Amino acid sequence: MGTWDIGLYSSDIAIDLKLSIKVICSLPYDDKRIVDEIVESYKDIAFDKDDEDCTVFWLVLADQLHKKGFNCPEVFEKAIRIIDSGQDVKIFRDLGADESSLKKREGKLQKLKDKLIESPPNKVRKILKKPEKLLFDIGDVILFPLDERGLPFNPYYTAKQIAEEPDIFIQTGWGAAVIVDNGLIYDYLTYYKLIVCNKSFEFDDKPRLNTLMNTSTWVIENPGTCSKSHFKKMQIEKIGTIDINKKRAKKIFANHKYALSAAVDNISISNYLNTGVSLKYTNVINSLYDLPIKRLRILR
């Protein structure tokens, strides 16, 4: 079968979990609540022994918390029990890993066990001093530049990249979206839910609010975040606010799981501010799609 990558962080779940732990550990909570929130975020994996990622979850969680100086004996003991039972190695064997790779995995897990037996290092944790500020209100109608592909400016470009490539983004049109829900995850991390106009407007035909109110084909997108930096780089403009029934909107667009992952994993709304390549939510009521905003049921 060839050589397996048997590192503790060789899987997608391990990498995603590491990022989530980093964000959640920045919250001003005590050790127990930090663990509870992380486990709650991954409960579908953490408590499903038939899921091959279950052991990875507890091993990565123990490793990260120990590195960060958290005193979580229950988590450490659970990880040690997994290592001693050989459960993790058995999963790799069942997946087809060769004996050489399995021995390497066992060696890495033994090193992790040796570390977990020792007291965690004494580290000062960097925490958020106050909740993130909501940049958008529910009902905000926004515009943003698009290139010829119908894509917004990529806010992950560095200042160096932009300076070296002045034509890295050439605006040819405009895109539009409406914020239909917002909030704070864990009372600290922002998220936004939006509907995006699946039609671009020519550069010299910048749409006004009245135009957008009568435009059809609005796509309901996944939640995302938006930092001040991304807001500025994408040149987002607020052109008005429509009166949305917040209770109805929250019910229609309710999906706390996706909002949670967006906030914790810091998934920018830049991923969804595009035209022509958006995907409609599979669980969205069809009547909310391909209608002018003024006829959507979320309006007052």
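Trainee: Is Y186 buried, partly exposed or exposed in this model?

Mentor: The model is a predicted one, and in it Y186 has a relative accessibility of 11%. The cut-off for a buried residue is under 20% relative accessible area. Y186 therefore counts as buried.

Trainee: Where is Y186 found, and what is its phi?

Mentor: Y186 lies in the loop between β2 and β3, and these two strands form a hairpin with three residues between them. Although Y186 is not a glycine, its phi is positive. In this hairpin, the phi of Y186 is near 60 degrees.

Trainee: How many bridges join β2 to β3, and which residue in β3 is the bridge partner of I179?

Mentor: Strand β3 covers residues 189-197 and runs antiparallel to β2. The two strands are joined by eight bridges. Within this pairing, the partner of I179 in β3 is L194.

Trainee: Which residue in β2 stands opposite F144, and how many bridges join β1 to β2?

Mentor: Strand β1, residues 140-146, and β2 run antiparallel, and F144 stands opposite G175 in β2. The number of bridges joining β1 to β2 is six.

Trainee: In which sense do β2 and β4 pair, and which residue in β4 stands opposite G173?

Mentor: Strand β4 consists of residues 201-202, and its pairing with β2 is in the antiparallel sense, over two bridges. Opposite G173, in β4, stands E202.

Trainee: Why is β2 described as largely enclosed by the rest of the structure?

Mentor: Strand β2 spans residues 173-185, which gives 13 residues to consider. The strand is largely enclosed by the rest of the structure because the number of its residues that are buried is twelve.

Trainee: Where is Q235 found, and is Q235 buried, partly exposed or exposed?

Mentor: Q235, which is not a glycine, has a positive phi of about 55 degrees, and this residue is found in the loop between α10 (228-233) and β6 (237-241). Its relative accessible area is 45%, and a partly exposed residue is one between the 20% and 50% cut-offs. Q235 is therefore partly exposed.

Trainee: For the chain as a whole, what percentage of the residues is buried, and what percentage of the exposed area do carbon and sulfur atoms supply?

Mentor: The chain has twelve helices and six strands, and of its 300 residues, 47% are buried. The chain exposes about 16500 Å², and the part of this area supplied by carbon and sulfur atoms is 49%.

Definitions and conventions: Residues numbered from 1 in each chain as written. Predicted model: local features only at pLDDT ≥ 70, side-chain atom pairs only at ≥ 80, totals over all residues. Heavy atoms only, no water. Helix = DSSP H or I, 4+ residues; strand = E, 2+ residues; numbered from the N terminus. Buried < 20%, exposed > 50% of the residue type's maximum accessible area, 1.4 Å probe, protein only. Areas by Shrake-Rupley, 256 points an atom, 1.4 Å probe, with all protein chains shown as cover. Pairing = 2+ DSSP bridges.
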